[in-house]
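Me: I would like to go through the reasoning behind some of the labels used for this protein. Please set each value against its cut-off before you conclude.

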Amino acid sequence: MASKRHQGECIKSNKKKKKINYCEETAQLCQVVKDENVRRAVKEAWSMKSHYTHGDLEFDCRPFPHCVIKNFIRSENFLENLQRELLTLNFHEKSNDLYKFKQSDDLRKRTEPHISGLRSALFSQFRFWLEEVLDVKLEPTVDISCAKYEYTDILLCHDDELEGRRVAFILYLVPPWSSSDGGSLDLYTTNGHFQPQSVVKSLVPSWNTLVLFQVSPVSFHQVSEVLSQDKCRLSLSGWFHGPSLERPPRHVEPPMSRSEHLPRDETLLLEWVNPLYLDISYQEQIQEEFEESSEIQLKDFLREEKFKQVCEAVQLAQIQWTLKGPANKRCYEAAHLNTLPECVSACWELLHSEAFFLLLSNFTGLRLHYLCPGDDDDDNAGGGENKHERKKQSSEKDEQATGSSNETRKESEPSTPKCCGELRRWSHGNYTLLHDGEAARAEYALDLILPFSCAGWQSEFGGFSCYVANDEDEELLTIYPEDNSLALVYRDKETLKFVKHVNHKSKSDSSSRVFYDFSFVYYE
């Protein structure tokens, strides 16, 4: 029987396992990497933080040290076979707050001839070249995988910092690519707090081009959303490991200011809220359901005429919007409250009012108003307090016992319920991310989301709110934008939230779909 064997492939018979063992193909690197004069010049430019170009190599320190080497592998035949091997791998969908793309398994132990050949070239001869350029001893640790970015895939702003990572690299194996296809590697400047400011350089992927950069507190970058519907951005990427650069103390953002309720009575509720939700017996049903699941969505919450007024008013040009950042934490627009039209301002007052605090207490059983029953009330005799309060008290006792609480609590000193909130506008490119500062400040709280003008919004557009357990990717709860549906979620200290990136599918023809929401947080 005739058979076809790839060049350099060795097959050994093994009757028990029937395992194919390959002979590694050698990856010949480009001449510019072998040139001693170029290596010395790059080393000098890196140490002097200057710019250097020679043939297919360009080094720049703005906005942070990075190097681009075109035609990195000398053999076109090797590259085509490498691409063929990569595309036969199993790829897994990766999606969370920060990214959406497909990734292969770790390539550390793959035996395909061209994959193993490239791996050897990168982590031996090219690693030695980097060591000389950086004047730093790099570890032989192999850290490499393959990624496929297709339509709407993205990797949002981050700095790559993780213990041991010293230099990041990406080798592109893409078809002819232009900036209009998206998928560029965007580099950010940083401010005095080492936070990303704006994209100042975009590197468009090109076949057989290697990009590398130094991982540092200022190496903020992103892979912009892929806009092409028929091209695949295939790349190999990973890190060379070595001693990490010293990191300054992380900047701590001031929290949103909180305030007590506004002195508004139930007249405001009668004017704005669907009468169904003002019925005491129905409020009791809501509370039972909420205490069971810690979340609820109340459809048609506002009176229809009021809801329509707000929908129209939030689109008026008089509202001034500010883009909220930095990009490694969030990107959406928030309204200036002093520019809100009268009916929108009235709706904001409703959510901030004393009457609404009491209504939320009735919905949830949380102590958001002094009229809410307390532990000593007859209704709670025999330990009948709601499970959210029991869980919170148990957590606080554990913290006191272990000394993990940052503040000394005085149980006899009741806290005053407060809230903070904003009106947000969501459109293509907007998102929020999980971040260390949010995790450090996490506390028990009631989240409220009330969307407007989202008719026709589809889940595939993004823009939905996700709740996850701290340090885990598994989603606990997802809330999709739905007109006039009030979402209430009670979260503990181990629960974080983010809004998924609004992708290119949200754009219709040349215009971008937009929706709005009130986002409030209430604290007992």
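Me: What makes helix H9 largely enclosed by the rest of the structure?
Reply: In this predicted model, helix H9 covers residues 354-364, and 8 of its 11 residues are buried, so the helix is largely enclosed by the rest of the structure. Buried here means under 20% relative accessible area, and the residues of H9 that meet this cut-off are Ala355, Phe356, Phe357, Leu359, Leu360, Ser361, Phe363 and Thr364.

Me: Which residue follows H9, and what is the sign of its phi?
Reply: Gly365 follows H9, and its phi is positive, near 80 degrees.

Me: Why is Asn208 called buried?
Reply: The relative accessibility of Asn208 is 2%, and the label buried applies under 20%, so Asn208 counts as buried. Asn208 sits in the loop that joins strand E10 (196-203) to strand E11 (209-214), and its phi is near 60 degrees, a positive value in a residue other than glycine.

Me: Why does Asp135 count as exposed?
Reply: Asp135 has a relative accessibility of 60%, and exposed is used for values over 50%, so the label exposed follows for Asp135. Asp135 belongs to the loop between helix H4 (113-134) and strand E6 (144-149), and although it is not a glycine, its phi is positive, at about 60 degrees.

Me: Why is Glu472 described as partly exposed?
Reply: With a relative accessible area of 45%, Glu472 falls between the limit for buried, under 20%, and the limit for exposed, over 50%, so it is called partly exposed. Glu472 is located in the loop between strand E20 (465-469) and strand E21 (475-479).

Me: Which residues form the negative surface patch, and what makes Glu472 accessible enough to belong to it?
Reply: The patch consists of Asp471, Glu472, Asp473, Glu474, Glu475 and Glu494, and it is called negative because Asp and Glu count as negative. A patch residue needs over 30% relative accessible area, and Glu472, at 45%, therefore passes that cut-off.

Me: How do you know that the peptide bond from Arg62 to Pro63 is cis?
Reply: The omega angle of the bond from Arg62 to Pro63 is near 0 degrees, and the bond is cis. Pro63 is placed in the loop between strand E2 (57-60) and strand E3 (66-69).

Me: What is the omega of the peptide bond from Gly325 to Pro326, and where is Pro326 found?
Reply: The bond from Gly325 to Pro326 is cis, with omega near 0 degrees, and Pro326 occurs in the loop between strand E15 (321-324) and strand E16 (330-335).

How values were computed: Residues are numbered from 1 along each chain as its sequence is written. This is a predicted model: local features need pLDDT of at least 70, side-chain atom pairs count only at pLDDT 80 or more; totals for chains, interfaces and linings use all residues. Side-chain values use heavy atoms; hydrogens and water are left out. Patches are made of residues with over 30% relative accessible area and no salt bridge: like charges are joined within 9 Å, nonpolar side chains (Val, Leu, Ile, Met, Phe, Trp, Tyr) within 5 Å. Accessible areas come from the Shrake-Rupley method with a 1.4 Å probe; for residues, only the protein chains shown count as cover. A salt bridge is a side-chain nitrogen of Lys or Arg within 4 Å of a carboxyl oxygen of Asp or Glu. The place of a charge is taken as NZ of Lys, CZ of Arg, CG of Asp or CD of Glu. Helices (H or I, at least four residues) and strands (E, at least two) are DSSP runs, numbered from the N terminus. Buried means under 20% relative accessible area, exposed over 50%, partly exposed in between (1.4 Å probe, protein chains only).
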